[in-house]
Number of protein chains: 2
Amino acid sequence: MSIDVRAVRQQTRGVLNVAHLNNAGSSLVPRPVAETVVGHLRREEEIGGYEAAEEAADRLQNVYCSVAHLIGARPNEIALAESGSRAWAVAMHSFPFVPGTRLLIGRTEYAGNVIALRQLARRNDLQIVVLDDDPYGQVDVEHLQRELDRGSVAMVALTHVPMADGLVNPAAEVGRCCRAAGVLFVLDACQSVGQMPLDVESLGCDVLAGTGRKFLRGPRGTAFLYVRASVLGRFDPLILDGMSTVSSGAEGFEVRGDARRFESWEASIAGRLGLGRAVDYALALGLDGVQERVGSLAEQLRTELAALPAVTVHDHGITRCGIVTFSVKGSEAGNIRARLADHQINVSVAPRPSNEVQAILTGSSHAAEMVVRASVHYYNTEDEILRLVGLLCR
Amino acid sequence: MSIDVRAVRQQTRGVLNVAHLNNAGSSLVPRPVAETVVGHLRREEEIGGYEAAEEAADRLQNVYCSVAHLIGARPNEIALAESGSRAWAVAMHSFPFVPGTRLLIGRTEYAGNVIALRQLARRNDLQIVVLDDDPYGQVDVEHLQRELDRGSVAMVALTHVPMADGLVNPAAEVGRCCRAAGVLFVLDACQSVGQMPLDVESLGCDVLAGTGRKFLRGPRGTAFLYVRASVLGRFDPLILDGMSTVSSGAEGFEVRGDARRFESWEASIAGRLGLGRAVDYALALGLDGVQERVGSLAEQLRTELAALPAVTVHDHGITRCGIVTFSVKGSEAGNIRARLADHQINVSVAPRPSNEVQAILTGSSHAAEMVVRASVHYYNTEDEILRLVGLLCR
């Protein structure tokens, strides 16, 4: 199903004000999502926060179903959270690592995750192995296979789409290798969810973290965590409270049997309902159509940019996505961003992932090269892309 | 300054619909708080989530100043969070406990905290000592002093106002003892903040956790953590990421120097701005006046209830607050709650804290006695209390 661009733009208030090419930061939420959030906040004002939550109990339960449906999981494998990277980190910190084992990661991991990984490695005496890139800049699946064959692997952790590179890592191939080796596969899908179809069976991942505010077009402060039911019992939740446990006769309390063992008491119910609405909205549009339009807009942008003599496009990969990174000779990324903002074009600035992971892991000083990141979504237009390119021409 | 009840009710949409006596669950937010939250959400819709956050950067920084002002702290001693009990637990789990030391707690601790404490004790080989109540049902300060004198105390952790008892624990006395003994004092102020003045100097606490949604009248999913600057360096954050660390030349990254080392990447900016607005609203009313009105309404309610033959009021303590707990002979608490809800009166049901702490700690089976909890705020009226009592008469 192809995207009706006019219709989705009519449902997006922000397109009247800005050419929003910062969807990898945080998308413009569509009206139905905004109205769901605001509607629940109004209801809380009218009858009270707990009373409104009680009234919305079925709809809140449906959020778990929607998220599960989005990624081909079951509702009891989903926990809701406020931050995708925090959800990811809580799961990682809840895993009973065997000291001396090895953690395999990619070279373009999300930097915040790498900081958590270094902490984890120190606490659990783990060795972190950074897998090579293949010639296309993606994680090298042959290198992965060799490391798996060497054994002593605690887990493979991969960022599906890097923060500042247009590539999509071959997660399904990684998943097949992990499954064959019987090794846990943790996928950070914060930058991929919402811009392409995801299915935990085809991906072969055991844990997946996603965020609401990026390509899913959900509210800020919303995220989710998937943990495969068959491995859930191996995780000993980092922090137990009245949410992650249930009363039981024998022990007084015990850890919940579902993925909500990773949740904490109290959350923004309005935000969670908004996340569910965003997922339903994406599902109704169809993720195949979303991916097709996002991919085609991004390719148009890369082609137009590459034709400008002063511009270098940095994206790697065979399969590419909505993230386009580039730099302009003689202009700092921050200045480009500011100048585009003056013309109501939103882009962001991000560090090139190339050396950052190694620098964080080794604790060496590094001055990351900053690039401009323009990230398109299906509601962007060819015209917005031409406006961006036109300004860069000048 | 006494509360202008008519004015605060005009600023509270919900009072037209309900007699909201569930302020210990979640208060009705006042209009300025709701408009702050919705206003920011609209701005995110209009120009993008990150762009709106950048525009609100100064106001967001002011939230830390407001919260600090509310409790007599400094802005760099404040972290914002989504859940008060999660913030409390993250701080507790970040403390480097010496195995074999003792953790002193009260008998009416928040049950969720006790679950976390039991997990902490198991992980760190700590002994949890439950302090006696004094004859007024408060934590027994003399017992505390004896235990401090015995030594080997890692920390004293206290819930300021229990979830289901009208008492206010003598936190300042506890603080004085802790300070004299050089022992860390952690105060869970989720049920006290917003209904009475709090000052970390007079309380003598080193860590304080508070929530937005209860007596502060802030949005759901908002909370804060205070950690005294002089002890901050002793906490090794449970989870490090790009928010809790800063880039530094020498090590690649290091833990932040302020309390935001406990924050995680990504949050609802709208919620945080709403929390700040709620704090400013409370400060403008004046917490002395708030406490006076809340105390007087609660005393009226206790007196009226005590006059009913079938009703037993369960509150203890010398200083009492807005929480009133009671039971009705021959009627289950849940039924009372449902019947009152039919008449647009919001109350809640809660377990009596008496034996719950011991039951959780020893892992013994317990069927907590459930009581009705009616919790008043300054915007409630004498008339609403009479309506509640009138219905119970029937």
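This tour moves through a predicted model, from a sheet in chain A to the interface with chain B and then to a sheet in chain B.

**First stop: the seven-stranded sheet of chain A**

Select chain A and display its strands. Seven of them form an open sheet in the order S2-S8-S7-S6-S5-S3-S4, and the pairing is mixed. The edge positions belong to strand S2 (78–81) and strand S4 (127–130); each has a single partner strand, so one side of each is left without a neighbour in the sheet. From one strand to the next, the twist averages 20°.

Next, select residues 102–105 of chain A, which make up strand S3. S3(A) pairs with S4(A) in the parallel sense, over four bridges. To find a point where the two strands face each other, highlight A:Ile105, which stands opposite A:Val130 in S4(A).

**Second stop: two helices across this sheet**

Add residues 57–71 of chain A, helix H4. Helix H4 lies across S2, strand S7 (207–211) and strand S8 (223–227) of chain A, and runs at about 115° to S2(A).

Then add helix H6, residues 111–124 of chain A. Helix H6 lies across S3, S4, strand S5 (153–159) and strand S6 (185–188) of chain A, with a direction at about 145° to S4(A).

**Third stop: a link between distant parts of chain A**

Which residue forms a salt bridge with A:Glu384? Select A:Arg9: the closest N and O atoms of the pair are 3.4 Å apart. A:Glu384 lies in helix H15 (residues 382–393) and A:Arg9 in helix H1 (residues 5–10) of chain A, so far along the chain that 375 residues separate them. Over all chains, the structure holds 52 salt bridges.

**Fourth stop: where chain A meets chain B**

Now show both chains together. On the side of chain A, 73 residues are in contact with 72 residues of chain B. The area buried between the two chains is about 6000 Å², and carbon and sulfur atoms give 50% of it. Select A:Glu45, A:Arg86 and A:Arg220, which supply 14% of the area that chain A buries against chain B, more than any other three residues.

How many salt bridges does the rule find across the interface of chain A and chain B? There are twelve. To view a salt bridge between the chains, select B:Arg42 and A:Glu35, whose side chains meet at 2.9 Å, N to O. Polar contacts between chain A and chain B amount to 38 residue pairs.

Colour the elements of chain A that give two or more residues to this side: helix H2 (31–47), helix H3 (49–55), helix H5 (84–93), H6 and strand S10 (252–255). The largest share, eleven residues, comes from H2(A). By residue type, the side of chain A that touches chain B divides into 26 nonpolar, 25 polar and 22 charged residues.

**Last stop: a four-stranded sheet of chain B**

Select chain B alone. An open sheet of four strands has the order S11-S12-S15-S14, with antiparallel pairing. Strand S11 (311–313) and strand S14 (348–351) stand at its edges; each has a single partner strand, so one side of each is left without a neighbour in the sheet. Direction ignored, neighbouring strands of this sheet are turned by 40° against each other on average.

Strand S12, residues 323–328 of chain B, pairs with S11(B) over three bridges. Highlight B:Val311 and its bridge partner in S12(B), B:Val328. Finally, add helix H12 (residues 287–306) of chain B, which packs on the sheet and touches S11, S12 and strand S15 (370–375). The direction of H12(B) makes about 15° with that of S12(B).

Conventions:
Residues numbered from 1 in each chain as written. Chains lettered and ligands numbered in written order. Predicted model: local features only at pLDDT ≥ 70, side-chain atom pairs only at ≥ 80, totals over all residues. Heavy atoms only, no water. Pairing = 2+ DSSP bridges. Axes fitted to C-alpha atoms, helices over the stretch in contact; angles between N-to-C directions. Contact = heavy atoms within 4.5 Å. Buried area = accessible area lost by both parts, 1.4 Å probe. Salt bridge = Lys/Arg side-chain N within 4 Å of Asp/Glu carboxyl O. Polar contact = N/O pair within 3.5 Å; in protein donor to acceptor, adjacent residues only side chain to side chain. Nonpolar A, V, L, I, M, F, W, Y, C, P; charged D, E, K, R; others polar.
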